[in-house]
Amino acid sequence: MSSAALAPYRSRRPPVRVLLAVAPGLLLTLLALTGPLYAPRTEASPVTAPYAPPGRDALLGGDQLGRDVLSRMLHGGSALIGSALAVALLVTALAAVLGCFAVLTPALGRLVERSADVAILLPPVLGMMLIALAWPGGGRLAVMAAATVLGVPYAVRVVASAAAPVAAAGFVEAATASGERLWHLALREILPNLRSTVLALFGLRFVAAVYVISMAGFLQLGPQPPAADWALMIRENAPGALLNPWAVVAPSIAIGLLAVSVNLAADALTPAARRAGAGVR
């Protein structure tokens with residue numbers, strides 16, 4: 001029986017404060033995912049002159065081909081956020097499982113430590129370019145694979161560090177002495193006590209995935225023109241930034257607000273989970 005089933009629930013942060021901190025991230029994510037439904041025009045058809053200033057035809061002006069910047073903004077967020085969410089979920093899930101097994105299996109623990117050392121030393125841009133070039137035509141999937149491969153070793157090490165004191169707790173030793181199997185110790189005894197760590201890790205990996213995928217789009221290693229992508233929009237419209245700054249400023253603000261709001265949401269949720277966790281240890 002895990003400690004979670006034995007200890008009572010004690011306290012919780014006021015829901016209003018948590019809701020206020022989480023709301024911006026949720027609203028931005030929801031707006032980005034449903035953006036194509038509100039776009040006034042298609043993302044590929046020219047509607048005005050190249051780098052035209054904001055006007056009646058285009059509220060945020062035109063890009064380098066005269067396409068509506070606002071419509072491309074509303075179309076470009078869903079793919080970025082969807083990709084970042086998928087990478088964050090995959091990295092967090094793999095790290096949570098492998099980290100719990102690593103503290104119970106010395107050989108796996110040493111492998112995790114060595115892999116994390118190599119992954120930390122390898123510059124993210126270099127690792128992403130190696131994987132993207134080894135997968136010609138992979139596009140966004142290649143970038144997502146690179147973000148996952150580069151993110152898992154470090155995330156596993158974080159989970160393993162948090163799981164080590166839990167693995168040495170009395171209830172885990174009692175379960176081990178009673179003959180429980182390895183998967184039961186890892187997934188039923190240790191993992192439920194790492195909620196705060198896993199939640200914080202998910203927020204950090206989501207922000208890291210946004211950065212990596214945005215950087216890949218800026219370097220044209222991921223989505224290719226004429227796809228509507230926030231990072232790709234910044235690169236495409238940089239030469240005309242003086243004529244229509246909104247073509248560059250708008251996607252830059254969107255990426256920045258998304259990263260900050262998700263960080264704030266993860267920070268607001270983590271103490272609440274930690275307080276709940278404190279009641280189960």
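**Entry 1. Overall fold**

I began with the contacts in the protein chain that have a separation of 6 or more, and found that residues 24 or more positions apart account for 73% of them. I note for the record that this is a predicted model. I then listed the secondary structure and counted twelve helices and zero strands in the protein chain. Read from the N terminus on, the elements run α-α-α-α-α-α-α-α-α-α-α-α. I looked up burial next: of the 281 residues of the protein chain, 45% count as buried. The chain exposes about 13900 Å², and I recorded that carbon and sulfur atoms supply 70% of this area.

**Entry 2. The nonpolar core**

I turned to the largest nonpolar core, which has 54 residues. Which members touch the most others? I found Met73, Met128, Ile190, Leu194, Phe206, Trp230 and Leu258 in that position. The elements that give two or more residues to this core are helix H4 (69–102), H7, helix H9 (182–190), H10, H11 and helix H12 (246–278). H4 gives the most, with 13 residues. In soluble globular proteins, nonpolar side chains tend to be buried together.

I followed Met73 further. Leaving out residues up to four places away in sequence, I found that Met73 touches Trp230, Met233, Ala250, Pro251 and Ala254. Trp230 appears here as a contact of Met73 and also in the list of core members that touch the most others.

**Entry 3. Val143 in helix H7**

I selected Val143, which lies in helix H7. Is this residue buried or exposed? Val143 has a relative accessible area of 1%, so I entered it as buried. With residues up to four places away in sequence not counted, Val143 touches Met128, Val212, Ile213, Ala216, Leu221 and Gly222. I also checked the spacing between Val143 and Met215: their C-alpha atoms are separated by 9.8 Å, and the two residues are 72 residues apart along the chain.

**Entry 4. Packing of H10 and H11**

Two packed helices are described by the angle between their axes and the distance between the axes. For H10 and H11 I recorded an angle of about 35°, with the axes 7 Å apart. Their crossing is right-handed. Which residues meet here? On the H10 side I listed Ser214, Gly217 and Phe218, which meet Ala231, Leu232, Ile234 and Arg235 in H11.

**Entry 5. Salt bridges**

I searched the whole structure for salt bridges and obtained seven. I took those of Glu113 to begin with. Arg114 forms a salt bridge with Glu113, and the closest N and O atoms are 3.8 Å apart. The side chain of Arg157 also meets that of Glu113 in a salt bridge, at 4.0 Å from N to O. This second pair links distant parts of the chain: Arg157 is in helix H7 (residues 139–167) and Glu113 is in helix H5 (residues 106–121), 44 residues apart. I entered Glu113 as partly exposed because its relative accessible area is 34%. Arg157 is likewise partly exposed, with a relative accessible area of 28%.

I then examined Arg140, which forms a salt bridge with Asp229, the closest N and O atoms being 3.1 Å apart. Arg140 is in helix H7, whereas Asp229 is in the loop between helix H10 (195–218) and helix H11 (230–237); the pair links distant parts of the chain, 89 residues apart. Both Arg140 and Asp229 are buried.

**Entry 6. Glu236 and Tyr51**

I found a network of salt bridges that links Asp63, Arg67, Arg72 and Glu236. Glu236 has its place in helix H11. Its relative accessibility is 11%; the limit for buried is under 20%, so Glu236 counts as buried. Leaving aside neighbours within four places in sequence, I found Glu236 in contact with Tyr51, Gln64, Arg67, Arg72 and Pro225.

I followed the contact to Tyr51. Where does Tyr51 lie? Tyr51 is in the loop between helix H3 (35–38) and H4. Although not a glycine, Tyr51 has a positive phi of about 55°. I entered Tyr51 as buried because its relative accessibility is 15%.

Note on methods. Residues are numbered from 1 along each chain as its sequence is written. This is a predicted model: local features need pLDDT of at least 70, side-chain atom pairs count only at pLDDT 80 or more; totals for chains, interfaces and linings use all residues. Side-chain values use heavy atoms; hydrogens and water are left out. Buried means under 20% relative accessible area, exposed over 50%, partly exposed in between (1.4 Å probe, protein chains only). Helices (H or I, at least four residues) and strands (E, at least two) are DSSP runs, numbered from the N terminus. Contact means heavy atoms within 4.5 Å. A nonpolar core is a set of buried Ala, Val, Leu, Ile, Met, Phe, Trp, Tyr and Cys residues joined through side-chain atoms within 4.5 Å. Accessible areas come from the Shrake-Rupley method with a 1.4 Å probe; for residues, only the protein chains shown count as cover. Axes are lines fitted to C-alpha atoms, for helices over the stretch in contact, and angles run from 0 to 180 degrees between N-to-C directions. A crossing is left-handed if the near helix is turned anticlockwise from the far one by less than a right angle, and right-handed if clockwise.
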